[in-house]
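Take a moment with the sequence and the 3D view before reading on. The walk starts with one chain and ends where two chains meet.

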Amino acid sequence: MTLSGKKAIRYLLAIILIFSLNFAIPRAMPGDPLANLLGEDVMLTEESIVELRAKMGLDLPLHQQFLNYWSDVIRFDLGYSYHLHSPVCAIILSRMKWTLLLAVPSLVLGAVLGTLLGALAGWKSREACQKFETGLVLMIYCTPPYFLSLLSLYALSFKLGLFPLKGFYSTGSALDIAHHLLLPVVVMTLFSLSRNYMIMRGSVIQERGNLYATYARAKGLYGEEILFRHVFKNAILPIITLLALDFGFILSGALFIEIVFSMNGMGNLIYDALLSRDYPVLQGSFLVITIMVVSANLLADLLYSHIDPRVRWQ
Amino acid sequence: MSMHNDMNAPVLQVVGLSVRFKTPLGLVRAAEDVTFDIHEKETLSLVGETGCGKSVVASAIMQLLPGNAVVEGQALFSKRDLLKLEEKEISRVRGNEISIIFQNPSLSLNPIIEVGEQIAEPLQVHRGMARHQSHQVAKGLLSRLGLGERSLMRMYPFQFSGGMNQRVMIATSMILSPKIIIADEPTKGLDRALARDVVSEIEKILDLTGASLLLITHDISLAKMISNRIAVMYCGEIVEMGKCKDVLGEPLHPYTSALLDCLPEGGFKPIPGASPSMIHPPQGCKFHPRCPHKTQKCTQKQRIRKIDGDERQVRCWLY
């Protein structure tokens, strides 16, 4: 079997294990599993409790429940939210597309720009203008995300009126959505950029001191040629791990931005569900996050072994 | 190896080269007043103990020293002083007209780039050759060095032994047929048989390219095998230089004799005393505290002097 096949199976096992935990936790928690599955704040009459317990199969033996759980998961049936009065799967899907619209461009831009600028900053770390740039990025890196969001919202949207104050859209045209998204995307890009920048800078500074970089110079490579032909590929390895984390935690990563900019994405959904103890939504989100984290890790693993042959051959 | 080197013109003239490193402990005098010529198709060996400044000389010529090095003197090559060239200009000389083989092949090669690409790289960088074409040339070269299997081109340095990586470096160093190849301890860390292989490979490429070789080594028997002339370094200075058979056959400088006595053939006699500090070297002749023939005069500086003709030079008050 190929190495990537083995890896894929390992990740699949992780998903099955986590999904099974998701089945076990509400049933193992103290109290009525029905309350644990519906959420604590849902008010029910005695008759509807009996009716619901039968409908959800909670009176069946555990192994039967387990099989039912898996057949539901495979059919994307993640339960029903009595708070939002809608199937969990439908809620998540409608919220997810907005969060992805916000987070994916930010993370991609942040990764590309952060890596390139960070690499150049590490290569020329002794130059004055690079030091200034690094100081600036370090400031962004140290500012809490919500604070920068609030600041930009206050200055650019509230005072200057350049951008809308809240939401993903008002009229719904593509231009309108882009106008709403621009500021949050810029803020989130800056954060992702600053993280990747700092890691890449440090990595390049470390790698450029290696003998292979000197040998590249001895072969007649000049200036940035050495960086991009030799150092870059070695230095980018830690970034891949960071990207996997970033993409895996897209939903929670966008949380602060969504709250400050009052955007109804996944972040806000999870936040509200936590406050109102809407367990079905939380569990559904938990499963979605699981899938994203695991697949991001799998991708990083494959990418890593594509770039670094030493991983591939062991 | 041809012995008619006297008639060939010098390709590289190193004049009064001195290298000092600024360190927190003080100024390290790694090389002082180093002067030598390398002639066309000649092999000159720079021998001496570890830490005597041999490698520093090689790196200084190529401007590969770290930023805390202060370099003085001249290295004349094609009517230019290599030590005064801008980084952009020297980068056109490196790997193209003068190439260097480092002493640690496994760390010198990029761990995540295929060796074929690394051998072909100088063609792409200096000649602007397309990747595919340059790989063809590299493959041809490898097969001339007896590494002709197609699959080797696609392998990575970590899959090779130290000896094979050394061959990769040798192939890389000669791919553009440079005028001078500098080999910095090419056999360090290799066993006798592998060292002999590497030496025969170096000899093969000298024949193929007609390049001159500056061999930096602590291994006197290796120097004896392939060099025409030999220069003995002690504590940053050349103390004796001349034809290989003269210097090793009838050493003039007491240090050269002491060094030969250390060899198995010389009876394993160690040199008394310890290597001097390069921050506070002894006054005058740097070897005098350990020298069996020292006199009052030895605390004064002696310039390197020519003895019978141009070939033989020695830095000692005895002559």
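What follows covers two sheets of chain B, then a helix, then the contact with chain A.

Keep in mind that this is a predicted model. Start with the sheet of four strands in chain B. This sheet is open, and its order is β2-β1-β4-β5. Its pairing is antiparallel. Strands of a sheet pair through backbone hydrogen bonds, either parallel or antiparallel.

Now look at the edges. In chain B, β2 (26–39) and β5 (80–81) stand there. Each has a single partner strand, so one side of each is left without a neighbour in the sheet.

Strand β1 of chain B spans residues 10–23. In the order of the sheet it stands between β2 and β4 of chain B. Take the β2 side. β1(B) and β2(B) pair in the antiparallel sense over 10 bridges. The two strands form a hairpin, with two residues between them. Two bridge partners can be picked out in β2(B). Val14(B) has Phe36(B) as its partner. Phe21(B) is partnered by Val28(B).

Turn to the β4 side. Strand β4 of chain B covers residues 69–77. β1 and β4 of chain B pair over eight bridges, again in the antiparallel sense. Which residue in β4(B) is the bridge partner of Phe21(B)? The partner is Ala69(B). Phe21(B) therefore has a bridge partner in β2(B), Val28(B), as well as one in β4(B), Ala69(B). Val15(B) also reaches into β4(B), where its bridge partner is Gln74(B).

A helix belongs in this picture too. Helix α1 of chain B, residues 54–61, lies across β1 and β2 of chain B. The helix runs at about 110° to β1(B).

Next comes the sheet of eight strands, also in chain B. This one is open as well, with the order β6-β7-β8-β3-β9-β10-β12-β11. Its pairing is mixed. The edges are β6 (98–101) and β11 (305–307) of chain B. Each has a single partner strand, so one side of each lacks a neighbour in the sheet. On average, neighbouring strands of this sheet are turned by 20° against each other, direction ignored.

One pair in this sheet is worth finding. Strand β7 of chain B (residues 180–184) and strand β8 of chain B (residues 212–217) pair in the parallel sense. Five bridges join them. Here Asp184(B) stands opposite Ile216(B) in β8(B).

Finally, go to the contact between the chains. Chain B gives 30 residues and chain A gives 21 residues. Together the chains bury about 2,500 Å², 60% of it on carbon and sulfur atoms.

What charged and polar links cross over? Between chain B and chain A there are four salt bridges. Glu87(B) forms a salt bridge with Arg217(A), and their closest N and O atoms are 3.2 Å apart. The interface also has 12 residue pairs in polar contact, both residues at pLDDT 80 or more.

Which helices of chain B supply this side? α2 (87–93), α3 (105–108), α4 (115–127) and α6 (162–174) of chain B each supply at least two residues. α4(B) gives the most, with seven residues. By class, the side of chain B that touches chain A has 14 nonpolar, 11 polar and five charged residues.

Note on methods
Residues are numbered from 1 along each chain as its sequence is written. Chains are lettered from A and ligands numbered from 1 in the order in which they are written. This is a predicted model: local features need pLDDT of at least 70, side-chain atom pairs count only at pLDDT 80 or more; totals for chains, interfaces and linings use all residues. Side-chain values use heavy atoms; hydrogens and water are left out. Two strands pair if DSSP finds at least two bridges between them. Contact means heavy atoms within 4.5 Å. Axes are lines fitted to C-alpha atoms, for helices over the stretch in contact, and angles run from 0 to 180 degrees between N-to-C directions. Buried area is the accessible area (1.4 Å probe) that two parts lose on being put together, summed over both. A salt bridge is a side-chain nitrogen of Lys or Arg within 4 Å of a carboxyl oxygen of Asp or Glu. A polar contact is a pair of N or O atoms within 3.5 Å; within protein, one must be able to donate a hydrogen and the other to accept it, and residues adjacent in sequence count only if both atoms are side-chain atoms. Ala, Val, Leu, Ile, Met, Phe, Trp, Tyr, Cys and Pro count as nonpolar, Asp, Glu, Lys and Arg as charged, and the others, Gly among them, as polar.
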